[in-house]
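Please walk me through this structure in the viewer, telling me what to select at each stop and what I should find there.

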Amino acid sequence: PYWKLRGRFHSCGYRDQEVAEYIGIGRDTMSGRMHGNQPWTSAEITRVAAVLNIPREQIGEFFFEPLPGQRKGA
């Protein structure tokens, strides 16, 4: 479910495991987050955004699905 986030990892030159290390979580935890099996914590989202230089106003695009009736990118 986090294809856009994974794309950001790659465009910034990181693999999942590297981002996991930078934000202080294990590889299994990162895998669970990226597959949508475990929710991201707000602290993890903040750290990922910092590592990947994601502006605050764009965080939702990477971590949350649009609300029903809301267009993607709106």
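Begin with the aromatic rings: a search of the whole of this predicted model finds four aromatic pairs. Select Tyr-2 and Trp-40, whose ring centres are 6.0 Å apart with the planes at 85°, so this pair is edge-to-face. Tyr-2 belongs to the segment before H1 and Trp-40 to the loop between H3 and H4, so the pair ties together parts that are 38 residues apart in sequence. Tyr-2 counts as buried at 15% relative accessibility, and Trp-40 is buried as well, with a relative accessible area of 11%.

Keep Trp-40 selected and add Phe-63, where the ring centres are 5.3 Å apart and the planes again stand at 85°, so this pair too is edge-to-face. Because Trp-40 lies in the loop between H3 and H4 while Phe-63 lies in helix H5, the pair ties together parts that are 23 residues apart in sequence. With the three residues shown together, you can see that ring pairs link Tyr-2, Trp-40 and Phe-63 into a cluster.

Now display the surroundings of Phe-63, which, leaving aside residues up to four places away in sequence, touches Tyr-2, Leu-5, Trp-40, Ile-45 and Val-48. Which residues of the largest nonpolar core touch the most other members? Among its 18 residues, they are Leu-5, Phe-9, Met-30, Trp-40, Val-48 and Phe-63. Colouring by helix is useful here, since at least two residues of this core come from each of helix H1 (3-11), helix H2 (16-23), helix H3 (27-34), helix H4 (42-51) and helix H5 (59-63). As a general background to this view, nonpolar side chains tend to be buried together in soluble globular proteins.

Next, isolate H4 and pick out its buried residues, which are Glu-44, Ile-45, Val-48 and Ala-49. They cover an arc of only 135° around the axis, which puts them on the same side of H4. If you turn to the other side of H4, you will find Ser-42, Thr-46 and Ala-50, which are exposed. Bringing the remaining helices back into view shows the partners of the buried residues of H4, which pack against H1, H2, H3 and H5.

Stay on H4 and select Glu-44. Is this residue buried or exposed? Its relative accessible area is 5%, and because the cut-off for buried is under 20%, Glu-44 counts as buried. A polar atom of the Glu-44 side chain lies 3.0 Å from the backbone nitrogen of Thr-41. Beyond residues up to four places away in sequence, Glu-44 touches Ile-23, Ile-25, Arg-33 and Pro-39.

Then follow the chain just past the end of H4 to Asn-53, which takes a positive phi of about 55°, a positive value in a residue other than glycine. Asn-53 is found in the loop between H4 and H5, and it is exposed, with a relative accessible area of 60%.

Finally, colour the model by pLDDT. The mean for the protein is 92, and 93% of its residues reach 70 or more. Among the elements of the protein, H5 has the lowest mean pLDDT, at 95, and H4 the highest, at 98. As you look over the coloured chain, bear in mind that predicted coordinates should not be read in detail where pLDDT is low.

Technical notes. Residues are numbered from 1 along each chain as its sequence is written. This is a predicted model: local features need pLDDT of at least 70, side-chain atom pairs count only at pLDDT 80 or more; totals for chains, interfaces and linings use all residues. Side-chain values use heavy atoms; hydrogens and water are left out. A nonpolar core is a set of buried Ala, Val, Leu, Ile, Met, Phe, Trp, Tyr and Cys residues joined through side-chain atoms within 4.5 Å. Buried means under 20% relative accessible area, exposed over 50%, partly exposed in between (1.4 Å probe, protein chains only). Helices (H or I, at least four residues) and strands (E, at least two) are DSSP runs, numbered from the N terminus. Contact means heavy atoms within 4.5 Å. A polar contact is a pair of N or O atoms within 3.5 Å; within protein, one must be able to donate a hydrogen and the other to accept it, and residues adjacent in sequence count only if both atoms are side-chain atoms. pLDDT is the predictor's confidence in each residue, from 0 to 100. The arc is that of the directions from the helix axis to the C-beta atoms. Rings of Phe, Tyr and Trp (its six-membered ring) pair if their centres lie within 6.5 Å; planes under 30 degrees apart count as stacked, over 60 as edge-to-face and the rest as tilted.
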